[in-house]
Structures are given as structure tokens and as C-alpha cells.
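Hi,

Here is the structure I promised to pass on to you. Have a look at it first, and my notes follow just below.

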Amino acid sequence: MTMRTANHKSLLVLVFILASWITFAVIQNSTKLRTVLKLPFSLHHWNFIMKTHPEPPPNPIVSPTETELRIKRIMEKLDQLIPPRPFTNVSSTTSATHSRATLLSPRDTYCRGDRLDVLLEMRDHLGRRKEYGGDFLRARMSSPALKAGASGKVTDFNNGTYLVSFTLFWEGQVSLSVLLIHPSEGVSALWRARNQGYDRVIFTGQFNRGTSQVNTDCALVLNSSAELCEYLDTRDQEAFYCMKPTNVPCAALTHMHSKNKDVSYLSKQERSLFERSNVGVEMMAKFDAITVSKCNSEKTVPVKRQCKFGMASTIPSGHVWKDTWNPVSCSLAAIEMKECLRGKFIYLLGDSTIRQWMEYFKSRINTLKSVDLHESGKFQKQLAVDLNENINIQWQKHSYPLVGSLTYSVKEIEYIAQVIDRIGGEKNTIIVISLGQHFRPFPIDVFIRRALNIHDAVQRLLLRSPETVIIIKAENIREMNVDVERFSDIHGYIQYLALKDIFQDLNVGIIDAWDITIAYGTNNVHPPQSVVGNQINILLNFIC
């Protein structure tokens, strides 16, 4: 009996030791054990405005380190395009009035279809030749009476000389223009200043506290020792912060607005380069209009194919004639909008320049009915449907940063990548993305990270639904007399180059609104309806 009891106790000790060892092994190797047994991981949560989004289907998740390396590579490319150009005196910067423009091989009459070249030799305010490039120039030809215009192609030889090439698309009197938007020294200063700080714009967040509200400062980056609310997209590593109100939870954030902060990263001498009289100075004011004739009446004009999705773009990408956009490499058909959109689900994602498309659709299709989504403010989500024709069009703002003095709701704000991940997609699903204007006041890495995350979401969508149509609408040019340090078109142009580089490996269509708005000469972030209509006509040709 004693021997049996001893054996029993020994067995219990062995069982206890074995159980303890198994428990320890499970704790130490839980990841390996789950892999072996194929046990499900807990659901991934977006820690963002306290919303929970289920994890998308299994796809390779890009590590934060890899994303940082991609951002770094793009930043290095841009840094090479915009090297530092320090100066000790404004007199050593590029001067439009002292620089020389020479018409190469001038003639009394030019023929339609010819190329006309202008050589620019840049000089400083003391008349000395510049020895490096990097000036921000805008070339345009126009015939106001014909409502015609086109951009010119600028080639920088990086030695102070430039070749500006114009394709003479139409007959008649044609005026040539080359604007020095910013000298190379100004471009360098703006690039350096842009990447120095996140605080040119102050955001104010409104939190609900019972029947009252409390406001606090918010930003993409907040340098504060106080307690913060962090609204983080944990997968894509995009974050927004607010000072946490006392005794109010972070989830109570409901509204936002912003204003410019009285801060500059430019020196007094650098700021003098951006006085209104120094921005967009004409370099060809002394040149008369040229005459363009048809010349060879027997020459057959080649018939161009209708514009289709995926066609390569050119520089310039087209011209305006009689207020109508005409691409270089293809022809745009006049497509009946309602017929084209039958059975289509269109997502317009981004800023107010793509919201203009929403407004245009509603004004042109009288059977589209707006659906009240019980939001308010300029940035409220919009939905319009035609039940008989099965047309569904919606506009949704992109996430922070959203710059504007008007208060807008952030109760349902989400990143474009998150929206795309929720879309099933198929051949009748069209997604148009436009972003850029609201990113100009912030360091370029914010825009690059956002564009890369959208790129990856589009890539995931095209893997599961390759017939989905994805369109990227580039930025519009905007007013020259706006706050240059925050909103200059040089910021938009840099983003335009980055966006094209990021999306070049995907099967997406590009609507080159940058070139189109230069051709129209709008200089308005929200161009007229006729320009918006011509942008939309490109979309219709892509999808119908």
C-alpha cells in the first residue's frame, strides 16, 4: 500500500512537471504553434477614430521599414532634381527681364504641325550668365479669339540654358509665353522650407462633452509633453494627433477646421523672391504673335484612334481649340453621358477638385437624385443615384490633412486606401482618385506615404478584380497670388512628378489635369465648368 501511494505521488509529480513544461513551451512558442496548428490570429483592428475594420483578405503586408525605404528612394530622386542653391544677394538670382529668349530659325509664316523652338539664356539681375538650371518655367501658346491653347515642352540643359518647344496645333495668330514662376534659388528655398516643418497650418479639433463642446489643437505632428489622442492607421502607419481634452475620451472627436499659422521657414531675403511682382514674370513680352497657316492643303491628316484606357501620354498631351480638349495621340469622341454611365458604380475619392466632377454629373444628368446621408458642411460625403439606369456616383473626401477654415465632420473620415480595400470591384466599377492640393503646405514625405499606400491598395484591388477601372486625376494648377510658401505650384508640380513615378507600374489611367489646365490657362484651383467637362469627357472615352 505504501509502495502504491509512493508511485501515485511520483506519477502526479511527473504529470505536474510535464504540464508545466507544455505551458511554458506554448507561451514561448505561441507563434510557431499557431502556424503548425493553423490556428486563426485575432482580428486586426484599425485604431482610428475608434472604428473597427476587419482585416482584408490575406495579402503581403508591406513592412514599415520597406515603406520608409521606398519613401527615401523617391525623396532622393527629388533632391537630385532640386539641389541646394543658396545665395547671398537677390541680385545673383535669375532675372526674367535680364534673361534672353531667342526664336530659333524664325520665319514670316509657320505651318500647322510645325515645331517652333525658343532658346532661353538665363541671367541674373546684374546681367551675368547663369551656370546652372532648375528655374521653374511655364510655357504656353494661345489664341484667345479661337479659345485655343497648349503647353510648351521645356528642356533644362542644367547650364543656364533651356529649349522651349511649341507644337503649332492650329492656324491663325498665335501668342507665345514663357513665365518665370520662380528662379532656381526660389525653388530650392521652397523645397528646403517645405520639408522643415509641419506647423504652417493649425488644426482645431472639436470634441463632444455631453451637451457642450471643447476644442483642442490637432496636427500631423504634435510636439507636446501633454497627453495626446493618436488616430493611427496601424497597417499603413499614417497618424493624426490631437491634444486630449480633460475628462473627454479620444473617440469624442467630431469636427475639424484649420487656419494658417504665422510661421515661415524662409529667410527675409528668400521671401523677397516671392513678392507678387516676382512670381510668374513674362520672358517673351517683346515678341509679336506669329502667323500659322495650313500650308500644304493636299497633305493628309492621319486619322487618330479613339482615346482608350492605358494609352501612353505625350508632352504636351494635347491642345485646346474652340474650348475643347484635343489629345495628341488619340481622338475624343462625343459620348452621351447618361448612356455611358448606365450600370456603372463610380467612386470619386479625394479633394474638392474631384468634387467638381460630382457637381458636373448632377448638373448634366437630370435624373440623378441626391441621397441625403445626414452629413453637413462642404466636405460632406455625396451620393447620387439613378435607379432606372442603375447609375451610382459618390464623392468622398480624403483623410487628413484637409485644409480649410470651414468646419467639417470627421465622424466617418477614412483614408482612401481603406475605402479601396472595401470595394469588391468589377468591370462596371470605376474609381477616380485625386489628391495633392491639401498636401502642399506639409513636408513631401506625407504626400509620398499617402500615394504609396493608395498604390498598394489599388494593387490589391487589381489582384482580386483586374477588370476594375482605376483613374488618377493629376492636380490642377492654381492661382499664382496665393500664399507661395504653402501653396505654390512648384509644390504641386513636385507631387505631380512623384505621383506619375509611383503609379507607373500599375494598369491605371492618368488624366493629366496639370497639362490640361496649363493649356486652358485657368490659374484657378477650381477651373470653370467647361474645363471640368473636358476632363470628364476623357473619363467617358476611357470607360465607354
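To start with the overall layout, the protein chain contains 13 helices and 25 strands. Please keep in mind that this is a predicted model.

On confidence, the chain has a mean pLDDT of 88, with 87% of its residues at 70 or more. Residues 11–15 have pLDDT below 50, and this stretch makes zero contacts in the model beyond near neighbours in sequence. Residues 22–60 also stay under 50, although the model gives them 41 contacts beyond four places in sequence. Where pLDDT is low, the predicted coordinates should not be read in detail.

As for packing, 49% of the 544 residues in the protein chain are buried. Among contacts with a separation of 6 or more, 75% join residues 24 or more positions apart. The chain exposes about 26700 Å², and carbon and sulfur atoms supply 54% of that area.

Now for the interior. The largest nonpolar core has 114 residues, and those touching the most other members are M256, L341, L348, W357, F361, I433 and V458. Helix α9, residues 444–464, gives the most to this core, with 11 residues. A second, separate core has 27 residues, including F166, F169, W170 and V174.

If you want one residue to zoom in on, try L348. Leaving aside residues up to four places away in sequence, L348 touches I354, W357, M358, F361, I393, Q394, W395, Q396 and V432. Two of these contacts, W357 and F361, appear again in the list of residues touching the most other core members.

Best wishes

How values were computed. Residues are numbered from 1 along each chain as its sequence is written. This is a predicted model: local features need pLDDT of at least 70, side-chain atom pairs count only at pLDDT 80 or more; totals for chains, interfaces and linings use all residues. Side-chain values use heavy atoms; hydrogens and water are left out. pLDDT is the predictor's confidence in each residue, from 0 to 100. Contact means heavy atoms within 4.5 Å. Helices (H or I, at least four residues) and strands (E, at least two) are DSSP runs, numbered from the N terminus. Buried means under 20% relative accessible area, exposed over 50%, partly exposed in between (1.4 Å probe, protein chains only). Accessible areas come from the Shrake-Rupley method with a 1.4 Å probe; for residues, only the protein chains shown count as cover. A nonpolar core is a set of buried Ala, Val, Leu, Ile, Met, Phe, Trp, Tyr and Cys residues joined through side-chain atoms within 4.5 Å.
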